[in-house]
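Visitor: Please take a close look at a single part of this model. I would like one connected account of what is found there.

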Amino acid sequence: MKLLAKMQPALKQESKKIILITLVGNGLMWLVWWLLSMAFPEKVVFDITVLLGGLVGGVIAVWNFVWMGLALQKAVSVEDPDLAKKIIQANYGKRNLLRIVWVAVAIMLPYFHYVAGLIPLVFPGTGLKLMGVFAAFAKKENKEVM
């Protein structure tokens with residue numbers, strides 16, 4: 001696969017973390033959604049649209065992270081700081097466009113529950129921040145986290 005060949009080892013390792021964070025986040029989201037549908041069946045529906053929304057939203061979230069990592073790799077490898085800045089800015093715009101298009105698709109198409117499709121977009125950032133907090137506590141206790 002061309003994409004994996006382009007990825008440096010650090011990006012591969014971080015991408016695995018993001019995939020795990022997103023899978024765990026989706027699993028927890030689906031569990032909470034299912035529990036809410038059991039408690040409030042007239043208000044909360046757990047169906048295929050919830051699963052599809054979470055699945056596609058998770059893929060978009062992971063791809064967004066990988067795409068950012070690839071752009072950072074490319075920017076670091078160039079000598080000209082102005083060119084590096086342009087690479088990062090262009091990538092940021094494209095990644096935002098991807099998210100905006102996904103939000104529109106999730107809202108407009110009946111195949112996705114839009115809330116279940118949008119929630120996974122916050123999993124990578126939130127998960128990394130939580131891992132940082134846990135790592136700080138573990139460092140205090142001389143333990144290693146991921």
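Guide: E14 has a relative accessibility of 27%, so it counts as partly exposed. The model is a predicted one. The side chain of E14 meets that of K17 in a salt bridge, with 3.3 Å from N to O. K17 has a relative accessible area of 17% and is therefore buried, since the cut-off for buried is under 20%. Both residues belong to helix α2, where they sit three residues apart, about one turn of the helix. One salt bridge is what a search of the whole structure finds.

E14 also takes part in the packing of α2 against α3. Helix α2 covers residues 9–39 and helix α3 covers residues 48–77. Their axes lie 10 Å apart and make an angle of about 160 degrees. The two helices are therefore roughly antiparallel to each other, because angles over 145 degrees count as such. The crossing of α2 and α3 is right-handed.

On the α2 side, the contact is made by L11, E14, S15, I18, I19, T22, N26, M29, W30 and W33. On the α3 side, the residues met include V50, L51, L55, V62, F65, V66, L70 and Q73. Glycines also take part from α3, among them G54, G58 and G69. By class, the contact of α2 with α3 holds 13 nonpolar, seven polar and one charged residues. The charged one is E14, the partner of K17 in the salt bridge.

Terms used:
Residues are numbered from 1 along each chain as its sequence is written. This is a predicted model: local features need pLDDT of at least 70, side-chain atom pairs count only at pLDDT 80 or more; totals for chains, interfaces and linings use all residues. Side-chain values use heavy atoms; hydrogens and water are left out. Axes are lines fitted to C-alpha atoms, for helices over the stretch in contact, and angles run from 0 to 180 degrees between N-to-C directions. Helices (H or I, at least four residues) and strands (E, at least two) are DSSP runs, numbered from the N terminus. Angles under 35 degrees count as roughly parallel, over 145 as roughly antiparallel, 65 to 115 as roughly perpendicular and the rest as oblique. A crossing is left-handed if the near helix is turned anticlockwise from the far one by less than a right angle, and right-handed if clockwise. Contact means heavy atoms within 4.5 Å. A salt bridge is a side-chain nitrogen of Lys or Arg within 4 Å of a carboxyl oxygen of Asp or Glu. Buried means under 20% relative accessible area, exposed over 50%, partly exposed in between (1.4 Å probe, protein chains only).
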